[in-house]
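Work through the exercises below with the sequence and the model at hand. Try each task before reading its solution.

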Amino acid sequence: MEPRAGVSKQDIREQIWSYMEAHDVANFPRPVHHRIPNFKGSHLASQNIRGLDVFARAQEVKVDPDKPLEGVRLMALQSQKTLLVPTPRLKRGLFNRITPPPGATAAALRRCATSQGVRNFSVPVGLDSSVHVDLVVVGSVAVSEKGWRIGKGEGYADLEYAMMVSMGAVCEGTPVVTTVHDCQVLDFPEALLEDHDLTVDYILTPTRVIATGCERPKPVGITWSKISPEMLERIPVLRSLRERERRAGKDVSLWADLPHPAPLCTVVGPQLAPRPGLSVPGAASGRMGSPQQRSHAGQTQALRHRRL
C-alpha cells in the first residue's frame, strides 16, 4: 500500500479497514472498521515475540486488551511474566494485573489471556503501586517500518503511555512492540504525527520481525492542554494524576483553561476533509468508497474521542 500526498490519518485507517475486509484477512469481530483489526495470523505474529531479547529480559509486560494481542498475553503468562492490561476505556484505573489461579493448566492460561479472562482473573493496580513496566505491547491500525504508528483514532494507547510516564512506570528506553498483518505495514508521512503520538520499536507480523530503529521521541508525559474537561470527567485516574502533578508544581491547564485554546486536535480536524485516497493494489473499488462516501458518523466519533 502506498499513500498519496495529502492523505490524513483517517484516510489511512479507512483504506486499511476496507482492504482487510475486501481481501478477507480479518477475523472476528467484524467488520473491522473503527477497531484494532483482529487479523488472520495474529497468533503466528504473537509467537514472534519469543525471539525478542527485550521480551526475554522483561519481567513486567503491559499488553493492550485488543483481540489480536491475545496471543501475546498468553505468551507472557506462559513465560511467567507479570501481565498488566489496561482497564477498558480507563474507567476503573489504569492497569489490571492478571493473576491466574494457582496451578493453572495450559487451558486455564488460555482463558486468562482472553478478554473474559482479563475480567475474571485480574486485580486492579493503584497509582501508588510500585510498577516498572519493562515492555509495552500495543495494537495498531497502520504502522510504518520507521516505527510510526496510527491507532483507531480514540487515543487511548497514546494516553496510557503518557500516564505511565507520569507515574514513573516507563522510561525513555522502555521498548514498544506492535503486532499487525503484513498489509498494515506501509509508508506514510511523518508530518501526520504529533508529539503525543506513540511510536514503536518492533513490528511483529505473521511473516516478519521488524526492528524499526525509530529515533522519533516518545511522549514525555501527559499534554494537559490537549485534555478536555469531558475526558477528565470520564477517567478518574486522569484526575488523580492531574492533582499529583499540580501538587508537584507542573502546569496542568486544560485546553478550556487557556486564553485562546488551540483546536482540540490538528490531525482529525482539517485533515478529515475529503482528500484523495490511498492507492491500494487489487482492492475492490466498490468496497473502498470515495472520501465523500465515508461515514460522517465515524468522523464525528473520531472528533469526539480524539482529544489528545
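**Exercise 1.** Are Trp 148 and Phe 188 buried or exposed?

*Solution.* The model is a predicted one, in which local features need pLDDT of at least 70, side-chain atom pairs count only at pLDDT 80 or more, and totals for chains, interfaces and linings use all residues. Residues are numbered from 1 along each chain as its sequence is written, and side-chain values use heavy atoms, with hydrogens and water left out.

Step 1. Buried means under 20% relative accessible area, exposed over 50%, and partly exposed in between (1.4 Å probe, protein chains only).
Step 2. Both Trp 148 and Phe 188 are buried.

**Exercise 2.** Find how many aromatic pairs the structure holds, and describe what is found.

*Solution.*
Step 1. Rings of Phe, Tyr and Trp (its six-membered ring) pair if their centres lie within 6.5 Å; planes under 30 degrees apart count as stacked, over 60 as edge-to-face and the rest as tilted.
Step 2. The structure holds one aromatic pair. Its members are Trp 148 and Phe 188, 6.5 Å centre to centre with 55° between the planes, a tilted arrangement.
Step 3. Helices (H or I, at least four residues) and strands (E, at least two) are DSSP runs, numbered from the N terminus. Trp 148 lies in the loop between strands E6 (142–143) and E7 (149–150), and Phe 188 in the loop between strands E8 (176–179) and E9 (202–204); the pair links distant parts of the chain, 40 residues apart.

**Exercise 3.** Describe the largest nonpolar core and the part that helix H7 plays in it.

*Solution.*
Step 1. A nonpolar core is a set of buried Ala, Val, Leu, Ile, Met, Phe, Trp, Tyr and Cys residues joined through side-chain atoms within 4.5 Å.
Step 2. The largest one has 39 residues, and those with the most contacts inside it are Phe 95, Val 133, Met 163, Met 164, Trp 224 and Leu 238.
Step 3. At least two residues each come from strand E5 (135–139) and helices H7 (156–166), H8 (229–234) and H9 (236–247). H7 gives the largest share, seven residues.
Step 4. H7 is largely enclosed by the rest of the structure, because ten of its eleven residues are buried. Among them are Tyr 156, Asp 158, Glu 160 and Ser 166.
Step 5. Just after H7, Gly 168 has a positive phi of about 80°.

**Exercise 4.** Where is Leu 83 placed, and what is its relative accessible area?

*Solution.*
Step 1. Leu 83 belongs to strand E2 (residues 82–86).
Step 2. Its relative accessible area is 1%, so Leu 83 is buried.
Step 3. Lys 62 is 21 residues from Leu 83 along the chain, and their C-alpha atoms are 6.0 Å apart.
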